[in-house]
Amino acid sequence: MATPVYIRMKKSIYVQPEAMLRLKDVARVTGQSRSVPALESMVLHEVTDKDHNIVVIDSFMVVEQVIAKYPQVEVELLGPNQCVVHVEKVKKDPSIFLIGAIWLLLFIGAAMAIMNFHFDVSMQAVQQKLHFMLTGDMVEHPLWIQVPYSIGLGVGMILFFNHWFQKRFNEEPSPMEVEIFNYQEDLDHYVAIKENKVEKQDVDD
């Protein structure tokens, strides 16, 4: 009886252009078979310009190649059915002018959104009434309320996103990181279906 070899596909990886994709790059391989080291070094695919920036390695393709080269090996698949390979092309360093323009645009947009929100909920009137309730005087600009409120608004956003430049306050992911993770998961799932060569063969058949 053949000794089984267990293969667990990785969800996604990042490689350089013209990389040689080996089985150990797209999956974890384990088992007591002597063929495990050879299987790990087996070349599955060579990234070319035709692949553009995404390659989908399907577990069915892996099994086909393993059986073709090592027919005596019994393969057991675990985990995901595909590995999405992202080809990272060389990127130029962004210009300081472009970063500054984007930062300024986002700053103005965020400021407008906050001011419009405060105008819609009559924040200034609320602060004036609060000042009147506490002091008995009616003033147009209760700065002792408005200034701490403005500072607290900025501090609250920093704590909410759990970041101060590159510094993290704790190990808990920020809401932005969670949303980016969910977006990447959905993107990989979409690509795994739409760009999968095995799935395309089934549709053509």
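In the predicted model, serine 59 has a relative accessibility of 8% and therefore counts as buried, the limit for this class being under 20%. Serine 59 is situated in helix 3. When residues within four places in sequence are left aside, the contacts of serine 59 are with Met9, Leu77 and Asn81.

Lysine 24 belongs to helix 1. With a relative accessibility of 43%, lysine 24 is classed as partly exposed, because this value falls between the 20% limit for buried residues and the 50% limit for exposed ones. Beyond residues up to four places away in sequence, lysine 24 touches Lys10 and Glu40. Lysine 24 and valine 43 lie 19 residues apart along the chain, and 9.2 Å separates their C-alpha atoms.

The largest nonpolar core comprises 24 residues. Within this core, the residues with the most contacts are Leu23, Val26, Ile57 and Val85. At least two residues of the core are supplied by each of strand 1 (4-9), strand 2 (12-15), helix 1 (23-26), strand 4 (27-31), helix 2 (36-40), strand 6 (54-58), helix 3 (59-69) and strand 8 (82-87). For valine 26, the contacts outside its neighbours within four places in sequence are Met9, Lys10, Ile13, Leu44, Ile57, Cys83 and Val85. Met9 thus appears among the contacts of valine 26 and also among those of serine 59, while Lys10 is listed for valine 26 and for lysine 24.

The largest pocket has a volume of about 1,000 Å³. Its lining consists of 20 residues, of which Trp103, Ala110, Met157, Ile158 and Phe161 are the closest to the pocket centre. The elements that contribute two or more residues to this lining are helix 4 (96-120), helix 6 (143-161) and strand 9 (163-164). Helix 4 provides the largest share, with 10 residues. In terms of residue class, the lining of the largest pocket contains 17 nonpolar and three polar residues, and no charged ones.

Tryptophan 103, one of the residues closest to the centre of the largest pocket, also takes part in the one aromatic pair that the structure holds. A pair of aromatic rings is described by the distance of the centres and the angle of the planes. For tryptophan 103 and phenylalanine 107, the centre-to-centre distance is 5.4 Å and the angle between the planes is 15 degrees, and the pair is stacked. The two residues are separated by about one helical turn, because they stand four residues apart in helix 4. Tryptophan 103 has a relative accessibility of 56% and so counts as exposed, the class for values over 50%.

The second largest pocket encloses about 180 Å³ of space. Its lining is formed by Met115, His118, Phe119, Ser122, Met123, Gln124, Ala125, Gln127, Gln146, Tyr149 and Ser150. Helix 4, helix 5 (123-135) and helix 6 each provide at least two of the lining residues, and helix 5 gives the most, with four. By class, five residues of this lining are nonpolar and six are polar, and charged residues are absent. Helix 4 and helix 6 therefore contribute two or more residues to the lining of the largest pocket and at least two to that of the second largest, under the helix numbering from the N terminus.

Conventions. Residues numbered from 1 in each chain as written. Predicted model: local features only at pLDDT ≥ 70, side-chain atom pairs only at ≥ 80, totals over all residues. Heavy atoms only, no water. 1 Å grid on protein atoms, 1.4 Å probe; cavity = no way out; pocket = protein on both sides within 12 Å on 5 of 7 lines; lining within 4 Å. Points joined across faces, edges and corners; volume = space filled by probe spheres on them. Nonpolar A, V, L, I, M, F, W, Y, C, P; charged D, E, K, R; others polar. Phe/Tyr/Trp six-rings, centres within 6.5 Å; stacked < 30°, edge-to-face > 60°. Buried < 20%, exposed > 50% of the residue type's maximum accessible area, 1.4 Å probe, protein only. Core = buried A, V, L, I, M, F, W, Y, C linked by side-chain atoms within 4.5 Å. Contact = heavy atoms within 4.5 Å.
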